[in-house]
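This report looks at two bound ligands and at a few parts of the protein around them. Please keep the sequence and the 3D view at hand while reading.

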Amino acid sequence: MKVVLVTGGAGFIGSNFIRYYLNKNQECVVINLDKLTYSGNLSNLDEVVSDNRYVFVKGDILDKDLVLRILGGDYSPNGQKVNRIVHFAAESHVDRSIKDSSPFVQTNIVGTQILLDALRESWNKEDSDMRFLHVSTDEVYGSLGETGYFTEDTPINPNSPYSASKASSDLLVRAYYETFKMPLLITRCSNNYGAYQFPEKLIPLVINNIVKQENLPVYGKGINVRDWLYVMDHCEAIDVVLENGKLGDVYNIGGNNEWKNIDIVNLLCDLVDDALGREKNSKRLIKFVQDRLGHDMRYAIDASKIKNELGWSPKYVFEDGIRETVAWYLENKAWLENVTSGAYTDYYAKQYGDGV
Ligand code: NAD
Ligand code: DAU
């Protein structure tokens with residue numbers, strides 16, 4: 001039976017992954033270790049909270065004793081030892097890393113090192129079918145010009161404190177594989193969109209602001225390009241690599257779906273206005289603002305390795321995924337209110353002021 005430790009499972013991708021995993025597997029245990037920072041929200045998991053295969057542990061990946069106890073089975077319903085780890089927990093927002101990189105260094109680098117050391121201590125090479133998947137990002141590769149794609153062999157060249165912290169953890173995973181031959185895997189994915197994404201990221205921020213008829217901040221000229229992938233496609237790809245990936249390997253995951261930011265924002269204006277039956281005039285809210293420092297120009301993933309070796313490619317058509325996403329945010333105003341008010345907003349304002 002699979003006993004999966006998911007770190008950061010109360011965040012955007014982690015919570016989607018937990019739902020995906022429990023739906024797909026009848027017999028399994030999922031243990032969610034999450035510190036509940038501003039972007040971790042237990043209401044992301046309302047659907048699974050009473051599922052007896054699901055366990056929530058509030059805690060920090062920096063707490064090695066806690067991680068060791070989880071791995072050893074102390075939190076499993078029948079004391080089962082963990083045999084899968086999917087490591088999402090991270091500080092994930094580039095703009096925050098530009099304002100203060102210290103939590104990024106702590107969680108993304110030191111936190112990953114502690115997880116790896118806890119696994120190294122508890123892992124029994126002989127009798128374990130353990131597999132640990134580190135969720136990395138295409139941002140570790142740096143930035144592309146107008147042409148070309150990131151392959152798994154593209155040199156690591158991170159430009160923001162966020163991507164530098166992710167690149168560091170990615171390299172630590174690689175080094176632990178080379179040194180200790182631990183059962184480790186790495187995925188590097190492009191930009192995700194979908195339900196439950198904290199509304200500091202471009203797509204939910206813009207949807208939320210269109211609904212409220214507030215300005216839509218577009219950095220620079222809006223010509224930076226991102227490759228967008230539906231979060232459920234990412235969850236499936238992670239599962240495929242977790243079970244079938246070659247230990248020690250890196251797998252790129254992408255949507256083959258490049259958009260300029262301004263085009264995405266224009267599209268969202270039309271989709272939200274349409275869905276709300278409003279006159280199509282929200283584009284007037286677009287405001288070109290100061291560019292992000294060190295703003296990467298273009299990301300584009302070559303995902304042929306995962307397709308050729310493991311048979312995965314995205315299932316969702318962007319037009320459908322983005323419509324579903326808009327519909328979800330419009331139907332879940334209470335969720336938006338919850339994550340952008342109270343404790344979350346206080347934390348946010350204290351750390352970063354109120355100018356997203
Ligand atoms: P998120 O910010 O929505 O969620 C992060 C989660 O980690 C939160 O629940 C938070 O409470 C938890 N967390 C933070 N610090 C912790 C700590 N010290 N101990 C335990 N839990 C902690 O992030 P996301 O967008 O869901 O991203 C998840 C992972 O996927 C990250 O590693 C990110 O780098 C990677 N990734 C994200 C994208 C994307 O487009 N969002 C793309 C590629 C890779
Ligand atoms: O590529 C994968 C990465 O995608 C992940 O590793 C990160 O965790 C995730 O946050 C995301 O990073 P980006 O910086 O690309 O995502 P974000 O949504 O912050 O920004 C997308 C683009 O939109 C980027 O070019 C900056 C721009 N932008 C963003 C915001 C928040 C704006 O123009 N205005 C905004 O208000």
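The text below goes through the ligands, then one helix, then some single residues. The model is predicted.

**Ligand 1**

How many residues surround ligand 1? There are 28, and the closest are D34, S39, S92, Y162 and K166. By type, the residues of this shell divide into eleven nonpolar, 13 polar and four charged.

Three polar side chains can be picked out. D34 has a polar side-chain atom 2.5 Å from an oxygen atom of ligand 1. In the side chain of Y162, an N or O atom is 2.6 Å from an oxygen atom of the ligand. For T107, the distance from a side-chain N or O atom to a nitrogen atom of ligand 1 is 3.1 Å. Taken alone, ligand 1 exposes 830 Å², and the protein buries 97% of that.

Which elements give two or more residues to the shell around ligand 1? They are α1 (12-24), β5 (131-137), α5 (161-180) and β7 (191-193). The largest share, three residues, comes from β5.

**Ligand 2**

Ligand 2 is surrounded by 23 residues, with T137, D138, Y162, R292 and H295 as the closest. Y162 is thus named among the closest residues of ligand 1 and among the closest residues of ligand 2. The shell around ligand 2 divides into nine nonpolar, eight polar and six charged residues.

R292 has a polar side-chain atom 2.6 Å from an oxygen atom of ligand 2. Backbone atoms take part as well. A polar backbone atom of P217 is 2.8 Å from a nitrogen atom of the ligand, and a polar backbone atom of Y219 is 2.9 Å from an oxygen atom of the ligand. On its own, ligand 2 has 690 Å² of accessible area, of which the protein covers 95%.

The elements that give two or more residues to this shell are α6 (202-212) and β8 (216-219). Here β8 provides the largest share, three residues.

**Helix α1**

Helix α1 is one of the elements that give two or more residues to the shell around ligand 1. Is α1 mostly buried or exposed? Eleven of its 13 residues are buried, so the helix is largely enclosed by the rest of the structure. The buried residues include F12, I13, F17, I18 and L22, and also R19. They pack against the strands β1 (2-7), β2, β3, β4 (84-87) and β7, and against the helix α7 (231-244).

The length of α1 can be checked too. At 1.5 Å a residue, its 13 residues should span 18 Å, and the end C-alpha atoms are 19 Å apart, which agrees. An α-helix has 3.6 residues a turn, so residues three or four places apart point the same way.

**Single residues**

The table lists four residues with their places and relative accessible areas.

| Residue | Place | Relative accessible area |
|---|---|---|
| L36 | loop between β2 (28-34) and β3 (54-58) | 25%, partly exposed |
| K181 | loop between α5 and β6 (184-189) | 42%, partly exposed |
| H295 | loop between β12 (286-289) and α9 (304-310) | 14%, buried |
| N209 | helix α6 | 9%, buried |

Two of these residues have a backbone feature to look at. L36 is not a glycine, yet its phi is positive, at about 60°. K181, also a residue other than glycine, has a positive phi near 55°.

H295 is one of the closest residues to ligand 2. Why does H295 count as buried? Its relative accessible area is 14%, and buried means under 20%, so H295 falls in that class. Leaving aside neighbours within four places in sequence, H295 is in contact with Y219, N224, R226 and N261. Of these, Y219 also has the backbone atom 2.9 Å from an oxygen atom of ligand 2.

N209 is in α6, one of the elements that give two or more residues to the shell around ligand 2. Not counting residues up to four places away in sequence, N209 touches E214, N215, L216, P217 and L285. P217 is the residue with a backbone atom 2.8 Å from a nitrogen atom of ligand 2. N209 and S282 are 73 residues apart along the chain, and their C-alpha atoms are separated by 9.7 Å.

Methods. Residues numbered from 1 in each chain as written. Chains lettered and ligands numbered in written order. Predicted model: local features only at pLDDT ≥ 70, side-chain atom pairs only at ≥ 80, totals over all residues. Heavy atoms only, no water. Near = heavy atom within 4 Å. Polar contact = N/O pair within 3.5 Å; in protein donor to acceptor, adjacent residues only side chain to side chain. Areas by Shrake-Rupley, 256 points an atom, 1.4 Å probe, with all protein chains shown as cover. Helix = DSSP H or I, 4+ residues; strand = E, 2+ residues; numbered from the N terminus. Nonpolar A, V, L, I, M, F, W, Y, C, P; charged D, E, K, R; others polar. Buried < 20%, exposed > 50% of the residue type's maximum accessible area, 1.4 Å probe, protein only. Contact = heavy atoms within 4.5 Å. Expected span 1.5 Å × (residues − 1).
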